[in-house]
Amino acid sequence: MSDDRETDTASESSYQLSRHKKSPSSLTNLSSSSGMTSLSSVSGSVMSVYSGDFGNLEVKGNIQFAIEYVELLKELHVFVAQCKDLAAADVKKQRSDPYVKAYLLPDKGKMGKKKTLVVKKTLNPVYNEILRYKIEKQILKTQKLNLSVWHRDTFKRNSFLGEVELDLETWDWDNKRNKQLKWYPLKRKTAPVALEAENRGEMKLALQYVPEPVPGKKLPTTGEVHIWVKECLDLPLLRGSHLNSFVKCTILPDTSRKSRQKTRAVGKTTNPVFNHTMVYDGFRPEDLTEACVELTVWDHYKLTNQFLGGLRIGFGTGRSYGTEVDWMDSTSEEVALWEKMVNSPNTWIEATLPLRMLLIAKISK
């Protein structure tokens with residue numbers, strides 16, 4: 001993701017809906033689940049804790065692994081040896097295609113997830129793989145290691161088979177026995193609850209719908225939506241004490257690059273003030289029920305942007321122009337802001353909303 005920063009003036013984009021109307025096929029790339037993607041590997045470490053199916057397989061069996069901190073390399077090595085007696089995703093043939101995923105939670109260090117290869121058609125997979133994390137020891141002591149086992153089916157969907165979590169703050173790194181392989185019983189899911197509760201900060205913003213930007217014209221003009229991103233509060237720190245954040249806006253279902261606007265990046269604070277207004281024209285009244293404002297906050301570091309949290313402000317109906325879409329998922333607070341904006345034209349409606357985890361729509365070229 002390039003970070004083509006823009007100046008802090010109000011810039012204007014058109015909301016290209018007419019073309020969506022003419023060719024519903026251009027919508028399908030957004031609304032089908034394949035068109036939605038989890039965050040890129042750079043930024044999506046926590047994301048895939050969410051993606052997948054937690055509910056339908058029992059959790060049983062054990063995993064054998066060992067961890068060691070290699071001072072010389074400043075690396076944590078997780079040696080994943082094997083699992084035994086896993087639940088069978090394919091009940092008829094009594095087998096699964098399991099692999100192991102590792103995270104450092106709450107993912108403060110931009111390392112993201114690591115995973116082993118998939119071992120097919122077995123309930124007792126042997127991996128003998130080392131998953132490595134480059135991380136300072138004092139940061140490591142603030143993390144939890146989460147190892148989860150997943151079945152990968154032919155459609156690349158994941159089913160959860162169990163997990164183990166180690167609190168590295170209380171881990172005795174000097175104990176030689178702690179470097180040996182040990183068996184751990186797999187447990188049911190705990191991560192999503194912990195992660196959803198994790199505070200991602202808030203955004204203070206105001207929205208305004210202007211039905212007729214040029215009054216008195218003979219021809220009816222389409223309306224504008226104005227989005228005033230004021231500031232963010234208590235953003236999470238993902239890399240020590242550094243933060244260089246900016247906000248990106250897209251109006252779904254239009255994911256063209258043209259429709260994207262950004263604030264400038266503000267460094268060295270978890271409470272950045274942006275005071276940036278974005279204007280989108282081309283809104284007919286009926287478009288307001290079908291569109292959704294997606295605001296995402298990113299930490300820009302060297303060549304990568306890491307996702308911090310986002311909002312989706314719309315009616316949250318799960319549908320757009322007659323198609324079911326997974327991005328129409330506004331929370332009640334987000335819906336309330338959109339409803340107030342629609343019902344109070346030409347008035348700024350202000351809110352402070354909690355940032356949350358989002359599955360982000362792919363940008364179409």
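## Phe 160 and Arg 177

Phe 160 sits in strand β9, which covers residues 158-167; strands here are DSSP E runs of at least two residues and helices are H or I runs of at least four, numbered from the N terminus. With a relative accessible area of 1%, Phe 160 is buried. The cut-offs are simple: buried is under 20% relative accessible area, exposed is over 50%, and partly exposed is in between, using a 1.4 Å probe and protein chains only. Pro 98 is 62 residues away from Phe 160 along the chain, yet their C-alpha atoms are separated by 9.4 Å.

This is a predicted model, in which local features need pLDDT of at least 70 and side-chain atom pairs count only at pLDDT 80 or more, while totals for chains, interfaces and linings use all residues. Residues are numbered from 1 along each chain as its sequence is written, and side-chain values use heavy atoms, with hydrogens and water left out.

Arg 177 is found in the loop between β9 and β10 (182-185). Its relative accessibility is 63%, so Arg 177 counts as exposed. Here too a distant stretch of sequence comes into play: Ala 66 is 111 residues apart from Arg 177 along the chain, and the two C-alpha atoms are separated by 9.8 Å.

## Salt bridges

How many salt bridges does a search of the whole structure find? The search turns up twelve, where a salt bridge is a side-chain nitrogen of Lys or Arg within 4 Å of a carboxyl oxygen of Asp or Glu.

One of them joins Arg 312 to Glu 294, with the closest N and O atoms 2.7 Å apart. Arg 312 belongs to strand β18 (residues 304-313) and Glu 294 to strand β17 (residues 292-301), so this pair ties together parts that are 18 residues apart in sequence. Both ends are tucked away: Arg 312 is buried at 1% relative accessibility, and Glu 294 is buried at 5%. The pair also belongs to a salt-bridge network that links Glu 294, Arg 312, Asp 329, Glu 334 and Arg 356.

Two other pairs are worth a look. Asp 287 bridges to Arg 284, and the closest N and O atoms are 2.8 Å apart. Asp 287 is buried at 0% relative accessible area, whereas Arg 284 is partly exposed at 27%. Then there's Arg 319 with Glu 324, whose side chains meet at 3.8 Å, N to O. In that pair Arg 319 is partly exposed at 38% and Glu 324 is exposed at 59%.

## Cysteines without a bond

A disulfide is a covalent bond between the sulfur atoms of two cysteines. The rule used here asks for a pair of cysteine sulfur atoms within 2.5 Å, and by this rule the count is zero.

Why does Cys 249 have no bond to Cys 292? The sulfur of Cys 292 is the closest cysteine sulfur to that of Cys 249, but it is 9.6 Å away, too far for a bond. Seen from the other end, the closest cysteine sulfur to Cys 292 is that of Cys 249. As for exposure, Cys 249 is buried at 0% relative accessible area, and Cys 292 is buried at 0% as well.

## Backbone oddities

Most residues other than glycine have a negative phi, and most peptide bonds are trans. Against that background, the peptide bond from Leu 252 to Pro 253 is cis, with omega near 10°. Pro 253 is in the loop between β13 (244-252) and β14 (261-262).

Lys 268 isn't a glycine, but it has a positive phi of about 60°. Its place is the loop between β15 (266-267) and β16 (273-283), and at 83% relative accessible area Lys 268 is exposed. Lys 121 also has a positive phi, about 55°, without being a glycine. Lys 121 lies in the loop between β6 (114-115) and β7 (126-134).

## A positive patch

Lys 121 turns up again in a positive surface patch, together with Lys 92, Lys 93 and Lys 120. Patches take residues with over 30% relative accessible area and no salt bridge, joining like charges within 9 Å and nonpolar side chains (Val, Leu, Ile, Met, Phe, Trp, Tyr) within 5 Å. Lys and Arg count as positive and Asp and Glu as negative, leaving out His and the chain ends. Each charge is placed at NZ of Lys, CZ of Arg, CG of Asp or CD of Glu, and accessible areas come from the Shrake-Rupley method with a 1.4 Å probe, where for residues only the protein chains shown count as cover.

Lys 121 is exposed at 54% relative accessible area, and Lys 93 is exposed at 53%. Lys 93 lies in the loop between β4 (75-84) and β5 (98-105).
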